[in-house]
Amino acid sequence: MSSKIWLSSPHMGGNELKYIHEAFDTNWVAPLGPNVNGFEEDLEKYLQVDSYVAALSAGTAALHLALIECGVTHGDEVICQSMTFSASANPIAYQGATPIFVDSEEDTWNICPIALEEAIVDRIAKGKTPKAILVVHLYGMPFKVDEVLAIAAKYNIPVIEDAAEALGSTYKGRKCGTFGRFGALSFNGNKIITTSGGGALVCNTKEDKDKAVFLATQARDNAPHYQHSHIGYNYRMSNITAGIGRGQMEVLDNRVEARRAMNAFYQELFAGIDGVTVFTEPNEDFFSNHWLSAILIDAEITGITREDLRLAFLEDDIESRPLWKPMHMQPIFADAPYYGGIVAEKLFDNGLCLPSGSNLTDEDRARIAAKVKEVFGK
Ligand SMILES: *Cc1c(COP(=O)(O)O)cnc(C)c1O
């Protein structure tokens, strides 16, 4: 029996245990310590531009703290890309704010700049200027950074960049995660590198980082006893998991290369199949880490739906998954305002994410290719 081929599974580099052993040897078994500091420094160095990184328990926690630092509170409105994972939108609800969902555009599958501006103008006309714009680099593909930042600047609204899927991606040579007022990274088990679970907030200033760490460690005022003048959170990263992160940073470039090679593999595999397109960069300004490779299937041309292909893969223990179901189509957000057309809906109907891990073997690729050829009769 051959083993299951996963969509995206953890891929250790080798030195992770060394850092964990150091933590045990020195008894830094706590949500602070040399691995936390070291991991933050590794990330700051990797991101290149001046940034201050706070290591946290999750990417979701990073987004939550970013919203708090942008002053988002009860009754506010926050613009959010609809086509994304729920973890982008949930922290808006944690703050008692309302998400205003915006459609995608076809080049990057990320927020449509035209619909974004329409949304801002209409919300202002209705009486509320959105407190923040939460934009996502979906599957590692950078959003249209210049366009989005120009609109945000025009209306003076801070951008929160959800780079959970995009560590290692760049736009015009600059690393994703460094464009917004805040950037959020994730090191969940399925991401391009992992700490088993974890995240980080990328800040522009040391003050913003210090505030994030303060809030993430229960908001203790400077006093010998426990004194509090803010609501705090327990969001800091553990020194053990940060050790995994330090080991993973040593192999990040290699992981980006391997994920991009998977994308190239799919481009070649589907090149001869009419009606299937592999999601890739619109032009050279965009460099995706291709965290997940995805395809769009035009069922009218192929006679095959994305569900047909998903179920066929499943028979052979190959995991694939529909694209993120847009947030404005989710029951929990049914009442939230939405701007745009049906781009995200169509992507959801026709898109499928394919096995994309950096640890897939030639044998795995052969199994995937055989199944694709069987399904499409090529
Ligand atoms: C994974 C992910 C998150 C959340 O990160 P966690 O570390 O799992 O909390 C947020 N946004 C997007 C787009 C993600 O893919």
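In strand β9, G199 is the bridge partner of L56. That pair is one point in a wider pairing: β1 and β9 (residues 199-203) run antiparallel to each other over five bridges. This is a predicted model.

Strand β1 spans residues 52-56. Four of its five residues are buried, so the strand is mostly covered.

**The annotated lysine**

Next comes K191. UniProt, in an unreviewed entry, places the feature "active site" at this residue. The unreviewed entry also lists K191 for "modified residue: N6-(pyridoxal phosphate)lysine".

Where does K191 sit? K191 is in the loop between β8 (182-186) and β9. Is K191 buried or exposed? K191 counts as buried, because its relative accessibility is 10% and the cut-off for buried is under 20%.

What does K191 touch, beyond its neighbours within four places in sequence? Its contacts are A164, E165, S186, R259 and W291. With S186 there is also a polar contact, side chain to side chain, at 3.4 Å.

**The cores**

In soluble globular proteins, nonpolar side chains tend to be buried together. Here the largest nonpolar core has 93 residues. L65, Y139 and L167 have the most contacts inside it. Helix α3 (residues 59-69) gives the most to this core, with seven residues. The core also draws on both domains: at least three residues come from each of domain 1 (16-251) and domain 2 (253-376).

L65 shows how such a residue is surrounded. Setting aside residues up to four places away in sequence, L65 touches L56, L201, A212, L215, A216, Y233 and Y235. L56 is the residue that has G199 as its bridge partner in β9.

A second, separate core has 24 residues. Among them are Y266, I304, L360 and F376.

**Helix α8 and I244**

I244 lies in helix α8 (residues 239-249). I244 counts as buried because its relative accessibility is 14%, against a cut-off of under 20%. Not counting residues up to four places away in sequence, I244 touches M12, E16, I20, T194, T195 and S196.

How far apart in space are I244 and M262, C-alpha to C-alpha? The distance is 24 Å, for residues 18 apart in sequence.

The two residues with a stated accessibility are set out here.

| Residue | Place | Relative accessibility |
|---|---|---|
| K191 | loop between β8 and β9 | 10%, buried |
| I244 | helix α8 | 14%, buried |

**A three-strand sheet**

Three strands form an open sheet, in the order β7-β6-β11, with antiparallel pairing. Why is one side of β7 (174-175) and of β11 (286-287) left without a neighbour in the sheet? Both stand at the edges and each has a single partner strand, so one side of each has no neighbour there.

Strand β6 (residues 170-171) is joined to β11 by two bridges, and the two run antiparallel. Within this pairing, T170 stands opposite F287 in β11.

Notes:
Residues are numbered from 1 along each chain as its sequence is written. This is a predicted model: local features need pLDDT of at least 70, side-chain atom pairs count only at pLDDT 80 or more; totals for chains, interfaces and linings use all residues. Side-chain values use heavy atoms; hydrogens and water are left out. Buried means under 20% relative accessible area, exposed over 50%, partly exposed in between (1.4 Å probe, protein chains only). Two strands pair if DSSP finds at least two bridges between them. UniProt positions are given in the numbering used here, feature names are shortened, and annotations may be inferred rather than shown by experiment. Contact means heavy atoms within 4.5 Å. A polar contact is a pair of N or O atoms within 3.5 Å; within protein, one must be able to donate a hydrogen and the other to accept it, and residues adjacent in sequence count only if both atoms are side-chain atoms. A nonpolar core is a set of buried Ala, Val, Leu, Ile, Met, Phe, Trp, Tyr and Cys residues joined through side-chain atoms within 4.5 Å. Domain bounds come from an automatic or database domain assignment.
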